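Reader: I'd like to go through this model with you and ask what stands behind each label. Can you show it to me?

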Amino acid sequence: MANIQDLRREYSQSELDEKEVDSSPVKQFQLWFEQAVKADILEPNAMSLATLDFLTRPHNRIVLLKGFDENGFTFFTNYESSKGGELASNPYTSCCFFWKELERQVRIEGEVSKISKEESEAYFRSRPRMSQLGALASRQSMELPDRNALEQKFEELQKAYEGKEISMPDYWGGYLISPCYFEFWQGRQSRLHDRISYTKEKGDWIIKRLSP
């Protein structure tokens, strides 16, 4: 096994200048996101999502971004999952995208709220049928006796809904992250990385360069 301390690489692909970034952090994110898609990165919409439980202990997992605009960033999940319960008691999150092939990270922080049932249903209907059944079969974060129990439930649902439309369960839907902070990170040589932050103050985005 390699010595972990020796795992090291230099970052030299690009640079980030606060004088050249877009005045809108959403437009800057869109630019980088489109470049990540063109770079054929696996799951460019994968982001870590942090929450706090009632003891203020942090929890983190990867979820998939399913849409964004000037209003915020949308993802979908089971509202009765661990993250759903944590967001119900503390509706704030920090998420992070890491596109290693481009030597880039983006951090986004903000308040989280549920989107409308109509919006959630529209997305649910767009999902592959097997993914729709998966949302019904899984009581996310709940204990299972074994893998077989989950697969058996899935098979039962396949038979029960054969030839029928699958309705979105009430415990499933989307969340919107309304950002108050962005940070764009571009890897540079000698660990002198570029970090550009956007902080919302009185409705305006204030751009700053941060020390690496």
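Reader: What makes the Glu151 and Arg147 side chains a salt bridge?

Author: Bear in mind that this is a predicted model. The N to O distance between Glu151 and Arg147 is 3.0 Å, and the cut-off is 4 Å, so the pair counts as a salt bridge. Both residues sit in helix α5, 4 residues apart, which is about one turn of the helix.

Reader: Why is Arg147 called exposed, and what is Glu151 called?

Author: Exposed means over 50% relative accessible area. Arg147 comes in at 57%, so Arg147 is exposed. Glu151 has 35%, and values between 20% and 50% are partly exposed, so that's the label for Glu151.

Reader: How do you know that Lys117 pairs with Asp170?

Author: Their closest N and O atoms are 3.8 Å apart, which is within 4 Å, so the pair qualifies as a salt bridge. This one links distant parts of the chain: Lys117 is in helix α3, while Asp170 is in the loop between α5 and β7, 53 residues away. Lys117 is partly exposed at 45%, whereas Asp170, at 67%, is exposed.

Reader: Which other salt bridges are there, and how many in total?

Author: A search of the whole structure turns up 14. Among the others, Glu101 pairs with Lys100, with the closest N and O atoms 3.6 Å apart. Glu101 is partly exposed, at 34% relative accessibility. There's also a network of salt bridges that links Glu15, Glu18, Arg188, Asp194 and Arg209.

Reader: Why are α4 and α5 called oblique?

Author: They pack at an angle of about 120 degrees, with their axes 9 Å apart. Roughly perpendicular covers 65 to 115 degrees and roughly antiparallel starts over 145, so an angle between those two ranges is oblique. That's therefore the word for α4 and α5. Their crossing is right-handed.

Reader: Which residues make that contact?

Author: From α4 you have Met130, Leu133, Gly134, Leu136 and Ala137, and from α5 Leu150, Lys153, Phe154, Leu157 and Gln158.

Reader: Which residues of α4 are buried, and what do they pack against?

Author: In α4, Gln132, Leu133, Ala135, Leu136 and Ala137 are buried. The buried residues of α4 pack against α3, α5 and β7.

Reader: Buried or exposed: what is Gln28, and how do you know?

Author: The buried cut-off is under 20% relative accessible area. Gln28 has 4%, so Gln28 is buried. You'll find Gln28 in helix α1, touching Leu16, Val21, Asp22, Phe184 and Tyr198, not counting residues up to four places away in sequence.

Reader: Which residues have the most contacts inside the largest nonpolar core?

Author: Phe29 and Trp99 do, in a core of 29 residues. Elements giving two or more residues to this core include α1, β1, β4 and β5. The largest share, 5 residues, comes from α1. Leaving out residues up to four places away in sequence, Trp99 touches Phe29, Trp32, Phe33, Ala36, Ile41, Pro44, Arg104 and Val106.

Reader: What is in the second core?

Author: The second core is separate and has 14 residues, including Ile115, Tyr123, Leu136 and Met168. Leu136 is one of the buried residues of α4, and is also one of the α4 residues in the contact with α5.

Notes
Residues are numbered from 1 along each chain as its sequence is written. This is a predicted model: local features need pLDDT of at least 70, side-chain atom pairs count only at pLDDT 80 or more; totals for chains, interfaces and linings use all residues. Side-chain values use heavy atoms; hydrogens and water are left out. Buried means under 20% relative accessible area, exposed over 50%, partly exposed in between (1.4 Å probe, protein chains only). Contact means heavy atoms within 4.5 Å. A nonpolar core is a set of buried Ala, Val, Leu, Ile, Met, Phe, Trp, Tyr and Cys residues joined through side-chain atoms within 4.5 Å. Axes are lines fitted to C-alpha atoms, for helices over the stretch in contact, and angles run from 0 to 180 degrees between N-to-C directions. Angles under 35 degrees count as roughly parallel, over 145 as roughly antiparallel, 65 to 115 as roughly perpendicular and the rest as oblique. A crossing is left-handed if the near helix is turned anticlockwise from the far one by less than a right angle, and right-handed if clockwise.
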